[in-house]
Amino acid sequence: MSFKDATAFHIAALPPLAWRPAPFVSTSIVLHALILIGLFAEPQQWRVWLLVFAGNHLFICAAVMLPRNHWIGANITRLPEAAARRGEIALTLDDGPDPAVTPQVLDLLDRHAAKASFFCIGERAQAYPDLVREILRRGHSVENHSLRHDKTFAFRGWQWTRTELENSQQVLAQITGQMPRFFRAPAGFRNPLLDPILALAGLRYAAWTRRGFDSVRGDSASVLRRLRRNWGPGFILLMHDGHPAKTAAGVPVILEALPILLDEIQQRGWRVVSLPMAFEVSGAD
Ligand SMILES: [Zn+2]
């Protein structure tokens, strides 16, 4: 199915969410206005205005590169208190679906009665639509991880980002019949424009509490150590069923680490859930 075919019918978008700029963003806008006024009023002080401008942009760059920051918009990095009290941990799986790995991950999750949120790449979902429907059929949620997983995602403008995000929503909704509720940027890098674009699409931005770097490290002990650091209910864990790193034996590291992780969570009496379960939102309406 090509993207053109996939747009043959249109599923209604989610209602927009209320939006207001994060305090850091409004401060930056005011600073830019002050710099402009300063340049006109006292042009001889141009070095000062340049310094303020550069300082502000240094913080903006840091915000782009720090996936768990809350400066440039709402960012879910933990589950709500109510979910933590219920002993819930959310498992999120990025970059799939993968025809070799995802079915094995689904079987592992079933064996542990665990549910997860799969942040799928739109183009990969188009290539394996039956696999995406199988994710949903087994009680997991399918979320939006952009259409193409473009490495320049965080450096694009308003129209490009909006089109990328909305096309991915449509592709995933046409496969599953449900609009994804959560979005995660490729590599977690996002710019200040993303927050209002997400609000227009009715999407919530979700990062993570801990990630295992399992797309770059093939050592399951190191992946597990990172995921379990000071962990507890309320955590959002990130692993990859798409593009996973391989162990020395050539096994996708998620297939070695995930059963150990799920066993330990079960022993501790915690529950592995998807994001819509923890946030008590339905994907069906
Ligand atoms: Zn990714």
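In this predicted model, the largest pocket holds about 330 Å³ of space. Its lining is made up of 23 residues, and those closest to the pocket centre are His149, Pro186, Ala187, Gly188 and His240. Sorted by class, the lining of the largest pocket comprises 10 nonpolar, 6 polar and 7 charged residues.

One of the residues at the centre of the pocket, His149, also takes part in metal binding, as a ligand of the zinc ion. The zinc ion is held by an OD oxygen of Asp95 together with the NE2 atoms of His145 and His149, at 2.0 to 2.1 Å. Along the sequence, these donor residues follow the spacing D-x49-H-x3-H. Asp95 and His149 thus come from distant parts of the chain, 54 residues apart: Asp95 sits in the loop between strand 1 (88–94) and helix 5 (102–111), while His149 belongs to the loop between strand 3 (141–144) and helix 8 (158–176). How do these two ligands compare in burial, and which is buried or partly exposed? Asp95 has a relative accessibility of 7%, so it counts as buried. His149, at 23%, is partly exposed, because the buried class ends at 20% relative accessible area.

Strand 3, which precedes the loop that carries His149, can be followed residue by residue. Ser141 and Glu143 point to one side of strand 3, Val142 and Asn144 point to the other, and all of them are buried. Strand 3 runs parallel to strand 2 (residues 116–120), and 4 bridges join the two. One of the residues involved is Asn144, the bridge partner of Cys120.

Cys120 leads on to the cysteines. With a relative accessible area of 2%, Cys120 is buried, whereas Cys61, at 48% relative accessibility, is partly exposed. A handy reminder for the bench is that a disulfide is a covalent bond between the sulfur atoms of two cysteines. In this model the count of disulfides is 0.

A last contact brings in the loop between helix 4 (81–85) and strand 1, where Gly87 is found. Gly87 has a relative accessibility of 10%, so it counts as buried. Its C-alpha atom lies 7.5 Å from that of Gly269, although Gly87 and Gly269 are 182 residues apart in sequence.

Conventions. Residues numbered from 1 in each chain as written. Predicted model: local features only at pLDDT ≥ 70, side-chain atom pairs only at ≥ 80, totals over all residues. Heavy atoms only, no water. 1 Å grid on protein atoms, 1.4 Å probe; cavity = no way out; pocket = protein on both sides within 12 Å on 5 of 7 lines; lining within 4 Å. Points joined across faces, edges and corners; volume = space filled by probe spheres on them. Nonpolar A, V, L, I, M, F, W, Y, C, P; charged D, E, K, R; others polar. Disulfide = S-S within 2.5 Å. Buried < 20%, exposed > 50% of the residue type's maximum accessible area, 1.4 Å probe, protein only. Donors = N, O, S within 2.8 Å, 3.2 Å for Na, K, Ca; no water. Pairing = 2+ DSSP bridges.
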